[in-house]
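Reader: Could you take me through one helix of this model up close, residue by residue where it pays off? I'd like to hear what it packs against and how its side chains are tied to the rest of the chain.

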Amino acid sequence: IRPSLIFLDINMPRYNGFEFIDMNAELLQELTDRGVYILILTTSTNYRDIEQAQRYDLISSYEQKPMTFEMLKRIVREFGED
């Protein structure tokens, strides 16, 4: 069993989300090649964070917290397994 969605926050304790992607790019690329979607889920509304996320081919979507049930349903419809 593999995940179909990975939610990644930008603001994490030890490394930010972008550092995490950079450090694990090879593994994350393998996952996305196999149909796994990486989504940013963050409180950040900073345009620099949004622009930086758009530069990563590995990131499928940029979502802002708080996650609502409607948001989750939309994400699952768009990116979830069939």
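**A close look at helix α4**

Author: In α4, the buried residues are Met71, Ile75 and Phe79. Bear in mind that we're looking at a predicted model. If you sight down the axis of α4, those buried residues sit within an arc of 35 degrees, so they line one face of the helix. The general rule behind that kind of pattern is that an α-helix has 3.6 residues a turn, so residues three or four places apart point the same way. Turn to the other side of α4 and you find Phe69, Glu70 and Arg77, which are exposed.

What does the buried face of α4 pack against? Its buried residues pack against β1, β2 and β3. Met71, Ile75 and Phe79 also turn up, along with Leu5, in a core of six residues. That core is a second one, separate from the largest nonpolar core.

Now for the start of the helix. Thr68 sits in the loop between β3 and α4, and with a relative accessibility of 40% Thr68 counts as partly exposed. A polar atom of the Thr68 side chain lies 3.0 Å from the backbone nitrogen of Met71. So Met71 has two roles to keep in view: its backbone nitrogen has that neighbour in the Thr68 side chain, and Met71 is also one of the buried residues of α4.

Staying in that loop for a moment, Lys65 makes a salt bridge with Asp9, with 2.8 Å between the closest N and O atoms. Lys65 is in the loop between β3 (59-64) and α4 (69-79), while Asp9 is in the loop between β1 (5-8) and α1 (17-23), so the pair ties together parts 56 residues apart in sequence. Are the two partners buried or exposed? Lys65 is partly exposed, at 37% relative accessible area, whereas Asp9 is buried, at 18%.

Next, on to the charged side chains of the helix itself, where Arg74 is the one to watch. Arg74 and Glu63 meet through their side chains in a salt bridge, 2.6 Å from N to O. Here Arg74 belongs to helix α4 and Glu63 to strand β3, so this pair ties together parts that are 11 residues apart in sequence. Glu63 is buried, with just 7% relative accessible area, and Arg74 is partly exposed at 30%.

Arg74 has another partner, too: Arg74 forms a salt bridge with Glu78, where the closest N and O atoms are 3.8 Å apart. This one stays inside the helix, since both Arg74 and Glu78 lie in α4, four residues apart, or about one turn of the helix. Glu78 is partly exposed, with a relative accessible area of 49%. Put together, Glu63, Arg74 and Glu78 are linked in a network of salt bridges. Across the structure, the count of salt bridges comes to four.

That leaves the last residue of our buried face, Phe79. How many aromatic pairs does the whole structure hold? A search finds two. One of them is Phe18 with Tyr56, which is stacked, at 5.6 Å centre to centre and 15 degrees between the planes. Phe18 is in helix α1 and Tyr56 in the loop between α3 (47-54) and β3, so that pair ties together parts 38 residues apart in sequence. Phe18 is buried at 3% relative accessible area, and Tyr56 counts as buried as well, at 16%.

The pair that involves our helix is Tyr37 with Phe79, a tilted one: the centres are 5.0 Å apart and the planes make 55 degrees. It links distant parts of the chain, with Tyr37 in strand β2 (residues 37-42) and Phe79 in helix α4, 42 residues apart. Phe79 counts as buried, at 8% relative accessibility, and Tyr37 as partly exposed, at 32%.

For contrast, a word on the largest nonpolar core, which has 12 residues in all, including Leu8, Ile10, Phe18, Tyr56 and Tyr62. Within this core, α1, β2 and β3 each supply at least two residues. Leaving aside residues up to four places away in sequence, Tyr62 touches Ile10, Ile40, Thr42, Ser44, Asp49, Ile50 and Ala53.

Back to α4, then: its buried residues pack against β1, β2 and β3, Arg74 joins Glu63 and Glu78 in a salt-bridge network, and Phe79 forms a tilted aromatic pair with Tyr37.

Conventions. Residues numbered from 1 in each chain as written. Predicted model: local features only at pLDDT ≥ 70, side-chain atom pairs only at ≥ 80, totals over all residues. Heavy atoms only, no water. Buried < 20%, exposed > 50% of the residue type's maximum accessible area, 1.4 Å probe, protein only. Phe/Tyr/Trp six-rings, centres within 6.5 Å; stacked < 30°, edge-to-face > 60°. Arc of directions from axis to C-beta. Contact = heavy atoms within 4.5 Å. Polar contact = N/O pair within 3.5 Å; in protein donor to acceptor, adjacent residues only side chain to side chain. Core = buried A, V, L, I, M, F, W, Y, C linked by side-chain atoms within 4.5 Å.
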